[in-house]
Amino acid sequence: MPTQVRIFTMPRSLAETLAAPPPLETLRSIPEYPEIPKPTTSPGLKARQYSINNMSTYQEKPKGGVTFAHQDKLPKLPIPELASTLKKYLTTLKPLQSAREHGETKHAVNEFLKNEGPDLNEKLRKYAEARTSYIEQFWYDSYLNFDNPVVLNLNPFFLLEDDPTPARNNQVTRAASLVVSALEFVRAVRKEELPPDTVRGTPLDMYQYSRLFGTARVPTEAGCQIEQDPESRHIIIMCHGQFYWFDVLDDNSDLIMTEKDIAINLQTIIDDAAQTPIQEAAKGALGVLSTENRKVWSGLREVLTREEGSNNADCLSIIDSALFVLCLDYTEPATAAALCQNMLCGTSNIEKGVQIGTCTNRWYDKLQIIVCKNGSAGINFEHTGVDGHTVLRFASDVYTDTILRFARTINGQAPTLWASTSPDPSKRDPESFGDVNTTPHKLEWDMMPELSIAVRFAETRLADLIEQNEFQCLDFQSYGKNFITSMGLSPDAFVQMAFQAAYYGLYGRVECTYEPAMTKAFLHGRTEAIRSVSEESVHFVQTFWADNPAEQKVEALRRACQQHVNTTKECAKGQGCDRHLYALFCLWQRMVDEEASSAVSSTGYSSPIDGFSDQGSHVGSPGKEITYALDGEVRMVTRERGDSTNSRAREHHHLPLLFADPGWDKLNTTILSTSNCGNPSLRHFGFGPVSGDGFGIGYIIKDDGLSICVSSKHRQTKRFLDTLESYLLEIRRILRITKGKTVGAAGGKATRARELESRPRVANRLKSRGRLITGAEVIKSQKSLNGSSSPTDSMAMSEDDELGGYGFFDAGMLLQALKARSENLDSGETKPSERAQVHARRRDVGKKLRLIDY
């Protein structure tokens, strides 16, 4: 296959943009992009495919329901003062640098403030006047120009808790239930009946919900783009790498099938997929192509769509325009770590030289609901247009609705999440459904030789990628949010300091750490970067791992947590330093690229290397490019030879010293990438590491426990979690000592009636009968049985406990000791005529399956 060359269109110059007067009304739009040639598509399916909006003219439809009622009242994301941003930048880097390195960074900051900085910042303010957000276009560019595979690099996952009704935890029943609840959520969004998100009464931006369904990330020669069919009515089901589809909604977004109907369809699909030997099906599992390098995938899509109206083009269009993808896996992962891997990247299992793992049963360019054979379920989502908070609301509402809907089968008066629900499909007039296809159809690809070869090589590369990563989970049940808050500490800050302490205990140093802060209180807000490492956090971990009194350790912890809370509040207000500096950097790049393109125009020469793109590559330092990963985290990617860039022009341009300084690279090379996202509907949440020597840490803080999923490229992941668990148990012991009073084993919501027993009261003869049973009695009896004393006899134990000031060499013994102690103490609109043509054409796409008897 010939090498694909990226060709870019010439954008409007920055000078023209800045000179243009701002419009009278701020457009509520996603960022502008140059026109990108639309892939060849079957005319018959044109109405069903999302029409690519020119993002410079796209505007949201007027919203009349409750979902988007607050959109026009949301403030724009503020651009911080430059001096304030640079001060925070220095504060962030100081604990990560030596004195000499920090001196060099200070010099770079001062030079930037005296030279390019003020002018760039002023240009940024003018640029932002006519836009919804000053960072949004740069944000989308960074995601959509990411050429590496999205699997393990960009897409996160959620692992749902099991259905609380054991009988419903089989694959078909669970999948059908989740699909029905997901469709009710789609209906609520489309009818604008979904109540808006709020935080302490403050409404949040709801725009991302309109981009969640019927959306696909589509690679093109000029980078990826987001496509959406806003009227999508069908879903895709994948089973053994094979594709099936059927309609689930009518033109009014009402459900056209009952849960039982969907279950019949799913069982029919499972039975049909099993007829093809899994080794044979794997050879034509085109889903693995979505895991390829984006430029390679772009070329392969051209192969699939090169003939207008071809079977392959129609099949691809049906997948792209689907509401979401339901993946039915044939495996039953036995451990939490195996489940997390299955939801993030699938499993790799080679049998007789053929890949039969679940990694071939995915389509990573869309929202996916994944259900294992034993009913374990999760979500994997394309991250460009939506953040974890948005998908968490979707997952939570879907999980809750599955429970409430089952409850209504027992008690018809049980509550519902939805303001209105679809009419009962079993009681509707058949004519009211319109032109729909409720029988599943199998998409059968025309496997040309180049496609077969592409599937083979995509799978071997994916298998390599999976084998290069490992996943471990910690389901910490000793305590959670209740205990942490009872100690007067912020739960999130407490857990962040736990990561710092565990890493320092294992490696004896601190590293750059990232946590996203939600900025959805602003129009089209996404995230800001919280930098967890501070001078206070460094002082804490050094104090904790040294032989210091318990009070000193706790005081250092409190100061570190308070600093983290303060930083988080600033970031949530849009007053962090990362996004502002990144926007300035992108603006500088754009200016250089435009000058280069002007020079090319004046000389009449051009080349693929020197050509300009409005979506231009981002450099963090010479030879590297910067792009955003999970929740907007910056990652550094070494540039490959032949990438389109204005490298020659930039060589002649003076890169601002701030961005050439090693401190800039250090801040943008994350070792501990963390994210707090979850609630009781989730068992785990996670993502891949964002650097070769880093950890990807997804965590959920529950009332009485912590769920932590860690990934790395085989960097002692289990040992890191063992050290983390040791720390969590030890810090609880220290906090109890300094608290000076007994705290419940899990720090849970215990009755306050116990407080009455410690107060003086009038003697009561009857109530004084019997021997008082306390926890001390249990401990004493265990001592006599074991022939040894417990190191934690009571809260009055000595402060110079034998575990104070332990080092990382004895962390394994410490974990066993603390576990034993814990066991002792704790318990775009189309015409109706066009739509009709599309539906008529789609009736014949794919092999129609015969329904089973259910």
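Strand 11 (residues 368-371) runs antiparallel to strand 12 (residues 377-380), and 4 bridges join the pair. In this pairing, Ile369 sits opposite Ile379 of strand 12. Keep in mind as you look around that this is a predicted model. Below are a sheet, a cavity and a helix pair to find in the structure.

**The sheet**
- Strands 11 and 12 belong to an open sheet of 9 strands with mixed pairing, in the order 20-1-12-11-8-6-7-13-23.
- At the edges are strand 20 (682-686) and strand 23 (847-848), each of which pairs on one side only.
- Helix 7 (residues 259-274) packs on this sheet, where it touches strand 6 (234-239), strand 7 (242-247), strand 8 (325-328), strand 13 (441-443) and strand 23.
- The direction of helix 7 makes about 155° with that of strand 7.

**The largest cavity**
- The largest cavity holds about 120 Å³ of space.
- It is lined by 13 residues, and those closest to its centre are Arg211, Leu212, Thr215, Glu382 and Val386.
- Strand 4 (residues 215-220) contributes the most to this lining, with 3 residues.
- By class, the lining has 6 nonpolar, 2 polar and 5 charged residues.

**A helix pair**
- Helix 6 (residues 171-190) packs against helix 12 (residues 388-410) at an angle of about 115°, and their axes are 8 Å apart.
- The crossing of helix 6 and helix 12 is right-handed.
- Among the contact residues are Arg174, Leu178 and Phe185 of helix 6, and Phe394, Asp397 and Arg405 of helix 12.
- The contact between helix 6 and helix 12 comprises 7 nonpolar, 3 polar and 6 charged residues.

Conventions
Residues are numbered from 1 along each chain as its sequence is written. This is a predicted model: local features need pLDDT of at least 70, side-chain atom pairs count only at pLDDT 80 or more; totals for chains, interfaces and linings use all residues. Side-chain values use heavy atoms; hydrogens and water are left out. Two strands pair if DSSP finds at least two bridges between them. Helices (H or I, at least four residues) and strands (E, at least two) are DSSP runs, numbered from the N terminus. Contact means heavy atoms within 4.5 Å. Axes are lines fitted to C-alpha atoms, for helices over the stretch in contact, and angles run from 0 to 180 degrees between N-to-C directions. On a 1 Å grid over the protein atoms alone, a cavity is a set of points where a 1.4 Å probe fits but cannot get out, and a pocket is an open set with protein on both sides within 12 Å along at least five of seven lines; lining residues have an atom within 4 Å of a point. Grid points are joined across faces, edges and corners, and a volume is the space filled by probe spheres set on the points. Ala, Val, Leu, Ile, Met, Phe, Trp, Tyr, Cys and Pro count as nonpolar, Asp, Glu, Lys and Arg as charged, and the others, Gly among them, as polar. A crossing is left-handed if the near helix is turned anticlockwise from the far one by less than a right angle, and right-handed if clockwise.
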